[in-house]
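User: Could you take a close look at one helix pair for me, and then carry on to whatever else stands out? Keep it chatty, but stick to the geometry.

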Amino acid sequence: MSLESKLANLSLGDETSVVEAIKADGVEKSGFASNISGLIAKCASKDDAEAIAALTTVKAVAEGASEAEAFNSQCLSAALQQASSKNGDVKKAAAAAALAICKNITPFTMKALLPAIFSQLPVEKRWEVRALALNCIAVFNEKAPKQLGNALPEIVPEVTACMWDTKKQVKEAATNAMKSACEVIGNKDIEHMTSKIITAVTKPKEVPEIMHEMAGVTFVQSVESPALAMVVPLLLRGLREKMTATKRQSAVIIENMSKLVDNPLDAAPFLPLLLPALEQNAESIADPEAREVTARAVAQLQRLKALADKQASVRGDVTKISSLFKAAFGADDSNANLKTVIDYASIAATTMMDLHYMEDMQWSKFISPMFKSYFDTAKVSEAVEKVRSEAETLLEIPDEDDDEDDAEELCNCQFTLAYGTKILLHNTKMKLKRGKRYGLLGGNDSGKTTLMRAIANNQVEGFPDVSQVRTVFVEADIQGEQSHLSCIDYVFADPKIQALGCTKEQVREVLATVGFVPDGKAKPDHAVSTLSGGWRMKLALARAMLQKADILLLDEPTNHLDVINVAWVKNYLNSLKEVTSIIVSHDSGLLNDCCTNILQIENLKLHTFKGNLDEFVKIKPQVRAYFNFTESKLKFKFPQPGPIEGVKSKGKALMKMANCTFTYPKNDKPTLYDISVQVSLSSRVACVGENGAGKSTMIKLLVGEIEPQVGDVWKHPNARIAYVAQHAFHHIENHLTKTPNEYIRWRYANQGEDKESLVKVTMQFTEEEEKLQKTPFEISFTDEETGKVT
C-alpha cells in the first residue's frame, strides 16, 4: 500500500510504516510532503479514533523522520487545538504530538513554530490549549537554548500577558515558560535577579523595591537581546511608577545597560517601547536631578536608534535568504513542496546568522539534510555553500574609519578596559598605524590616561607584545625617591634604558639635543628636583627618544611649557615619520598642528576619525566642550578666614621678601638674584616667565619651602598660607597608600593645623638653633619693694 493510501485510511499502528516509508524514499518521493494537508485535517478531526491515529503518526514522524520536519511541523496548530478535546486519550495524544514536534526539530528552526504557538495564546482560546502552547515554549530551553534566547524579544510579551490569566493552570504554565526563558538569557550580571523580574510581572507593588535592587547592579557583560527582552518589561513598569525615585532608577539602569549594547540591532525592537516613556518622563518629572538623569538615558537610546537605523539589518530577513536559496538551486514557486522546504530552511539560516553560526560544517549539518529529497548531494553542498558565503557578506559591517593608505599596521585589537569596578571601555576596537599622530579625546574620568598606562604596561588584550611594538609613556612627574639623582643618572636608572644597553655618554648626547647643556638653564649633572615643570617634560621626552619607541604615549606634553618649548614639542612630534603618537592634551593648538587622526572615548567605545581637531569639530561640534570652560555643578567654597589681628588695611603687607638671592645646590649661577616681592590681602598676582626663569622657586621662597642664601623673607604670624605645588607628588609622595579622605584627615588632624607646614625648610632647626635651645640661660628678677634678687 502506498503512503498516500495509508495516510488516507490512517489507523493506530500505521505510524511505524509511515516513518519507514519516509526514511526509505524521502519526504517527496514517499508522498508525505504532498499529503500533509490530509494529515493535518485528520489531526483536527472530530472522530476520536482518527484524531488519535493522526496525532500518534505525527509524534512518530517527529521522533523518527527528521527529514520530514518542514511538513510535519505544520501539524502543530491542529495538535494544540485538540488539547481542548473532551476525550482524554485525544488530549494525551495531542500533548504528546505537540511536545514531540517541539523537542525534535532542528534547533535553528524553532522560530518556525512560534506563529502556530502564539496563535493559540489569546484569551479567547480554551485554557487547555493555551496551557499546552505555553508548555511547548518551556521545552525549548532544553533542545534549543541559544535559539530560545534569540527569540525572547518575540516570546516574552506573549508569555507575560498569560502570567496575568485568571485560570490557575494557564498562569502556572506561563510562569514555568518564563522561568525556562530566564535560564537562557546568558547575562551573569542579572542572572541572580531573574526570579525577582518574574515576580515583578505579577506583583506590581514590588516593582519599586526590585528596581532599587537592580539599580545597584554593576553591568559589565555585553548586553544582548535576550537580557533586554527580560528586563524591558520591568523597566517599563518602573518608568510608569508614580514615585520619582523609581522612575529615576529605571532611567539609570537603561543608561548603564545601553552603554554595553555592542550590536544596536539587539536594542532596536525595544526602542519604540522605552523611548516614548523616557521622553515623557524627561519632560514631566518635577525633580531637576532626576529629569537630567532621564535626559541622559534618552540621549543614549537616541544614539542606539541612530546606529540601528544606519546598520542594514538582515536579522530575521527570511525573504532575502529565501531568494538566495531559490537562485542557488534554480528553483521557482512552481513546486509548492520545494518552496515549503526553502522557506523552512531560510528560517533556520537567518537564525544561524543571528547567532553567528557561519562555519561551512555547521550549515552542512543543519541546512543540507532538508534538501536531500529534491537534489543530489553535490548540488545541495554547492548551493548551501553559495548561500552561506553570500549570507556571510550580508553580516559584514565595513569599518568607517578604514584608512586607504598603506601605512604599516602596528595594532588592530578589540578589548575591554576597567578601573576597579568602573567600566571605561567595553568591547571596543583600536587600530593604530605607523607614523600617525592620534589625539585622544574624552570627558573627564572617561579613561584617557588609564588607557595609555594600560598600553604602556602591556595590559590591553590583543595589543602587540613589547618585543614586537615598543611603547613609551611620557610623563613629567618624578618619583620622590629619584628626585636627588642628576638628570643623567635619572634617565640612566630607568630599567628600560639599561635593558637597551645605553651608556651614560649616549644619555648625555641625547639630553644635549633637547637643551641639557652645562652652560644652559638646565644642566645635565644637576638634580632633577631643581628642574622646572617645562624642563621636566623635556627630560621625559629625551628618555623616550633613547628608548627608540614605536608608539609614544604623551599625557599633556605641553603642560607648564612656555611658547618656545611648545613650538619645540610640535616640531619634534611632526618630525617623527616612523613613530606613532597618542596625545592627550587640552591644548587645541597642539591637536590641530600635530594630529593626523582623532580617537574619541564616548559611550564606552573608542571612535576613530581622520583629520585634526578642527576637522573633527566640523563633524561633531559638541566636542568643543572638552576645550571650553563651563560652569560645573561641583563648586569649591573657601570659608571666609576672618580678620587678621593687627591688619587693618587690605594694602598692608602679609608676606614679603627683600633682596633675596637663591642658588640651587651644585649650581654656579643663582636662579633668583636680588628679588623683592610684597603680598597683601588685596593682591591678585600672576607670575609669568619662560621655563626655568625661577617662577616656582620664587613662590617656594615666599611660602618658606626653601630659604634664600641672601635676603630676608617675612610673613605675618597670624596669616595662614596654602601652597598648591605644580607637581602633585610634592604633597602626596609619602601618602600613596592613603585614600584622599585619610590624607586630608592626617594632614589637618591637629585642630586644623597643617602638618605639612612643619616640614618646610624654614621650619626645620639648624645645628646652631638646636645648640641654642640646649644652652641654659639665667634670668634674674629684682623685687622692687625688698630689693631681693631671685
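Analyst: Leu39, Lys42 and Cys43 are what helix 3 brings to its meeting with helix 4, and on the other side sit Glu50, Ala51, Ala54, Leu55 and Val58. Sort that contact by class and you get six nonpolar residues, no polar ones and two charged ones. Bear in mind that this is a predicted model. Helix 3 covers residues 36-43 and helix 4 covers residues 48-64; their axes come within 7 Å and cross at roughly 125 degrees. That angle is why helix 3 counts as oblique to helix 4. As for handedness, helix 3 passes helix 4 in a left-handed crossing.

Now for another pair, helix 27 (residues 533-546) and helix 28 (residues 563-575). Here the packing angle is about 15 degrees, and the axes lie 12 Å apart. An angle under 35 degrees counts as roughly parallel, so helix 27 and helix 28 are roughly parallel to each other. Their crossing is left-handed. Helix 27 makes the contact through Lys538, Leu541 and Met545, while helix 28 supplies Asn565, Trp568, Val569 and Tyr572. Split by class, the contact of helix 27 with helix 28 comes out as five nonpolar residues, one polar and one charged.

Away from those pairs, Ser373 is worth a visit too. You'll find Ser373 in the loop between helix 21 (360-366) and helix 22 (377-395). Its relative accessible area is 23%, so Ser373 goes down as partly exposed; the cut-off for buried is under 20%. Setting aside residues up to four places away in sequence, Ser373 touches Gly26, Val27, Glu28 and Glu67. With Val27 there's a specific atom to look at: the side chain of Ser373 reaches the backbone nitrogen of Val27 at 3.1 Å. Thr244 is another story: Ser373 and Thr244 are 129 residues apart along the chain, and their C-alpha atoms are separated by 62 Å.

One last stop is Lys700, which sits in helix 31 (residues 695-703). Ignoring neighbours within four places in sequence, Lys700 is in contact with Glu705, Ile706 and Tyr723. You can also check Lys700 against Ala725: the two are 25 residues apart in sequence, and the C-alpha to C-alpha distance is 8.9 Å.

Terms used
Residues are numbered from 1 along each chain as its sequence is written. This is a predicted model: local features need pLDDT of at least 70, side-chain atom pairs count only at pLDDT 80 or more; totals for chains, interfaces and linings use all residues. Side-chain values use heavy atoms; hydrogens and water are left out. Helices (H or I, at least four residues) and strands (E, at least two) are DSSP runs, numbered from the N terminus. Buried means under 20% relative accessible area, exposed over 50%, partly exposed in between (1.4 Å probe, protein chains only). Contact means heavy atoms within 4.5 Å. A polar contact is a pair of N or O atoms within 3.5 Å; within protein, one must be able to donate a hydrogen and the other to accept it, and residues adjacent in sequence count only if both atoms are side-chain atoms. Axes are lines fitted to C-alpha atoms, for helices over the stretch in contact, and angles run from 0 to 180 degrees between N-to-C directions. Angles under 35 degrees count as roughly parallel, over 145 as roughly antiparallel, 65 to 115 as roughly perpendicular and the rest as oblique. A crossing is left-handed if the near helix is turned anticlockwise from the far one by less than a right angle, and right-handed if clockwise. Ala, Val, Leu, Ile, Met, Phe, Trp, Tyr, Cys and Pro count as nonpolar, Asp, Glu, Lys and Arg as charged, and the others, Gly among them, as polar.
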